[in-house]
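Work through the exercises below with the sequence and the structure at hand. Try each task before reading its solution.

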Amino acid sequence: MDNRFATAFVIACVLSLISTIYMAASIGTDFWYEYRSPVQENSSDLNKSIWEDFISDEADEKTYNDALFRYNGTVGLWRRCITIPKNTHWYAPPERTESFDVVTKCMSFTLNEQFMEKFVDPGNHNSGIDLLRTYLWRCQFLLPFVSLGLMCFGALIGLCACICRSLYPTIATGILHLLAGLCTLGSVSCFVAGIELLHQKLELPENVSGEFGWSFCLACVSAPLQFMASALFIWAAHTNRKEYTLMKAYRVA
């Protein structure tokens, strides 16, 4: 194997490994989107009711999003989290002190919630099904796992290429990484579109802002790494095969 192709193969493997780690980390963390709101120190009955509704298994889309807006919520592909006072009292503290502590409460999205229909008016089951938001949500949940699966399958093919001491099978690895990158890019696009459509339905309250978190950034970085690894795999395999064919033809001649 030519040193150029071996170097390209090693670099592609490193890029593939990094992109896999980034993608797995983004799937497993809860910071795809973060809300920033004034700290709610008042432990009134209304606030406690909102917290209880948030952790309830029957919380609908509007219920848990209202809590996310009010209590510095974060959203991932699998979980949603809010930040609430650690010590709740029946009275409202007169002012915030340095000893004021908060705790993060998280709830996982069940499989039923992942595939549940979204409604035109969130929380109103009589408003009709919003097919666009429904399928965007399902795609943003499924596509990252498809991407990881494709990269793992590509890694097996690459391992077989090493055992066979041939770069030609890595064309399949490159194609799989290309498809994985498209799936990752599709997942990111679906998430962005879903968030924008949600905020059109449920406007953010005053003094509340939202931004994409570091989990989302990891997925965004993973996609170009997958594309670069794909290009290197395909280039190394194709060029090595072409040179081998020319050399063989030269020897025959």
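Helices and strands are DSSP runs, a helix having at least four residues and a strand at least two, and they are numbered from the N terminus. With these names, Asn207 can be placed in the loop between H6 and E5. The model used throughout is a predicted one.

**Exercise 1. Two asparagines in loops**

Task: Describe the backbone of Asn207 and of Asn72, and state where Asn72 is found.

Solution.
Step 1. Asn207 is not a glycine, yet its phi is positive, at about 70°.
Step 2. The relative accessible area of Asn207 is 61%. Exposed means over 50%, so Asn207 is exposed.
Step 3. Asn72 also has a positive phi without being a glycine, here about 50°. Asn72 sits in the loop between H3 and E2.

**Exercise 2. The sheet**

Task: In what order do the 5 strands of the open sheet lie, and which strands stand at the edges?

Solution.
Step 1. The order is E4-E3-E2-E1-E5, and the pairing is antiparallel.
Step 2. Strand E4 (102-108) and strand E5 (209-212) each have a single partner strand, so each has one side without a neighbour in the sheet. These two are the edge strands.
Step 3. Take one pairing as an example: strand E1 (residues 33-36) and strand E2 (residues 74-75) run antiparallel and are joined by 2 bridges. Tyr33 has Val75 in E2 as its bridge partner.

**Exercise 3. Helices across the strands**

Task: Which strands does helix H3 lie across, and which does H6 lie across?

Solution.
Step 1. Helix H3 (residues 61-70) lies across E1, E2 and strand E3 (79-85). The angle between H3 and E3 is about 50°.
Step 2. H6 lies across E1 and E5, and runs at about 30° to E1.

**Exercise 4. A histidine in H6**

Task: Is His177 buried or exposed, and which residues does His177 touch?

Solution.
Step 1. His177 belongs to helix H6 (residues 170-201).
Step 2. Buried means under 20% relative accessible area. His177 has 1% relative accessibility, so His177 is buried.
Step 3. Leaving out residues up to four places away in sequence, His177 touches Ser16, Met151, Gln226, Ala229, Ser230 and Phe233.
Step 4. The UniProt record, an unreviewed entry, places "transmembrane region" at residues 6-27, 141-168, 174-195 and 216-237. In the model, residues 174-195 are 100% helix and 0% strand, with 32 Å between the end C-alpha atoms. Residues 6-27 are likewise 100% helix and 0% strand, and their end C-alpha atoms lie 32 Å apart.

**Exercise 5. The nonpolar cores**

Task: How many residues does the largest nonpolar core have, and which elements give two or more residues to this core?

Solution.
Step 1. The largest core has 34 residues. Phe54, Leu68, Tyr71, Ile82 and Phe191 have the most contacts inside it.
Step 2. Two or more residues of this core come from each of helix H1 (3-28), E1, helix H2 (45-54), H3, E3, helix H5 (131-164), H6 and helix H7 (214-252).
Step 3. H6 gives the largest share of this core, 7 residues.
Step 4. Another core, of 6 residues, lies apart from it; Ala12, Leu15, Leu225 and Phe233 are among its members.

**Exercise 6. Aromatic pairs**

Task: How many aromatic pairs are found in the whole structure, and how are Phe31 and Trp214 arranged?

Solution.
Step 1. The whole structure holds 16 aromatic pairs.
Step 2. The rings of Phe31 and Trp214 are 5.5 Å apart, centre to centre, with 25° between the planes. Planes under 30 degrees apart count as stacked, so this pair is stacked.
Step 3. Phe31 is in the loop between H1 and E1 and Trp214 is in helix H7, so the pair ties together parts that are 183 residues apart in sequence. Phe31 is partly exposed at 30% relative accessibility, and Trp214 is partly exposed at 42%.
Step 4. For comparison, Trp78 and Phe141 form an edge-to-face pair, 5.2 Å centre to centre with 75° between the planes. Trp78 lies in the loop between E2 and E3 and Phe141 in helix H5, so this pair links parts 63 residues apart in sequence. Trp78 is partly exposed at 31%, whereas Phe141 is buried at 6%.
Step 5. One aromatic cluster is formed by Trp32, Tyr33, Tyr35, Phe69, Phe191, Phe212 and Phe216.

Notes: Residues are numbered from 1 along each chain as its sequence is written. This is a predicted model: local features need pLDDT of at least 70, side-chain atom pairs count only at pLDDT 80 or more; totals for chains, interfaces and linings use all residues. Side-chain values use heavy atoms; hydrogens and water are left out. Buried means under 20% relative accessible area, exposed over 50%, partly exposed in between (1.4 Å probe, protein chains only). Contact means heavy atoms within 4.5 Å. Two strands pair if DSSP finds at least two bridges between them. Axes are lines fitted to C-alpha atoms, for helices over the stretch in contact, and angles run from 0 to 180 degrees between N-to-C directions. UniProt positions are given in the numbering used here, feature names are shortened, and annotations may be inferred rather than shown by experiment. A nonpolar core is a set of buried Ala, Val, Leu, Ile, Met, Phe, Trp, Tyr and Cys residues joined through side-chain atoms within 4.5 Å. Rings of Phe, Tyr and Trp (its six-membered ring) pair if their centres lie within 6.5 Å; planes under 30 degrees apart count as stacked, over 60 as edge-to-face and the rest as tilted.
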